[in-house]
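Work through the exercises below with the sequence and the model open. Each task is followed by a solution in steps.

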Amino acid sequence: MSEQEAGSVTGIRDKDYNLIWFVEASLSNALRLEGYISDADMDGDAELADFFRRAQAVSRKGGDLGKAMLAARLKKEQ
């Protein structure tokens, strides 16, 4: 994120925007990995499917942690 922006254009401070972006990217990655898992399963490649499942679990965890942090920060602002 550009230091010049700093929320003047979006109305959201960089660090908050970064957290929102992280949650979206993590959950989007988990969704994309579902397709990769399906492709590997259809090709009979259990090793690759398992690899993608583990990566998906990490992405979900990142999304969950980010959502919890975002919720806590929003609650503080009320």
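The exercises cover a buried glutamine, the salt bridges and a leucine on another helix. The model is predicted: local features need pLDDT of at least 70 and side-chain atom pairs count only at pLDDT 80 or more, while totals for chains, interfaces and linings use all residues. Residues are numbered from 1 along each chain as its sequence is written, and side-chain values use heavy atoms, with hydrogens and water left out.

**Exercise 1.** Place Gln56 in its helix and decide whether Gln56 is buried or exposed.

Solution.
- Step 1: Gln56 belongs to helix α2, residues 46-77. Helices are DSSP runs of H or I with at least four residues, numbered from the N terminus.
- Step 2: The relative accessible area of Gln56 is 5%. Buried means under 20%, exposed over 50% and partly exposed in between, with a 1.4 Å probe and protein chains only. Gln56 is therefore buried.
- Step 3: Beyond its neighbours within four places in sequence, Gln56 is in contact (heavy atoms within 4.5 Å) with Ala30, Leu33, Glu34 and Ile37.
- Step 4: The side chains of Gln56 and Glu34 are joined by a polar contact of 2.9 Å. Such a contact is a pair of N or O atoms within 3.5 Å; within protein, one must be able to donate a hydrogen and the other to accept it, and residues adjacent in sequence count only if both atoms are side-chain atoms.

**Exercise 2.** Find the salt bridges formed by Arg54 and Asp64, and state how the partners are spaced in helix α2.

Solution.
- Step 1: A salt bridge needs a side-chain nitrogen of Lys or Arg within 4 Å of a carboxyl oxygen of Asp or Glu. The structure holds four of them.
- Step 2: Arg54 pairs with Asp50, with the closest N and O atoms 3.2 Å apart. Both residues lie in helix α2, four residues apart, about one turn.
- Step 3: Asp64 pairs with Lys67 at 3.5 Å between the closest N and O atoms. These two are about one helical turn apart because they are three residues apart in helix α2.
- Step 4: Arg54 has a relative accessible area of 48% and is partly exposed; Asp50, at 38%, is partly exposed.

**Exercise 3.** Locate Leu27 and list its contacts beyond its neighbours within four places in sequence.

Solution.
- Step 1: Leu27 sits in helix α1, residues 14-42.
- Step 2: Its relative accessible area is 32%, so Leu27 is partly exposed.
- Step 3: Leu27 and Gly62 are 35 residues apart in sequence, and their C-alpha atoms are 8.1 Å apart.
- Step 4: With neighbours within four places in sequence left aside, Leu27 is in contact with Gly63 and Lys67. Lys67 is also the salt-bridge partner of Asp64.
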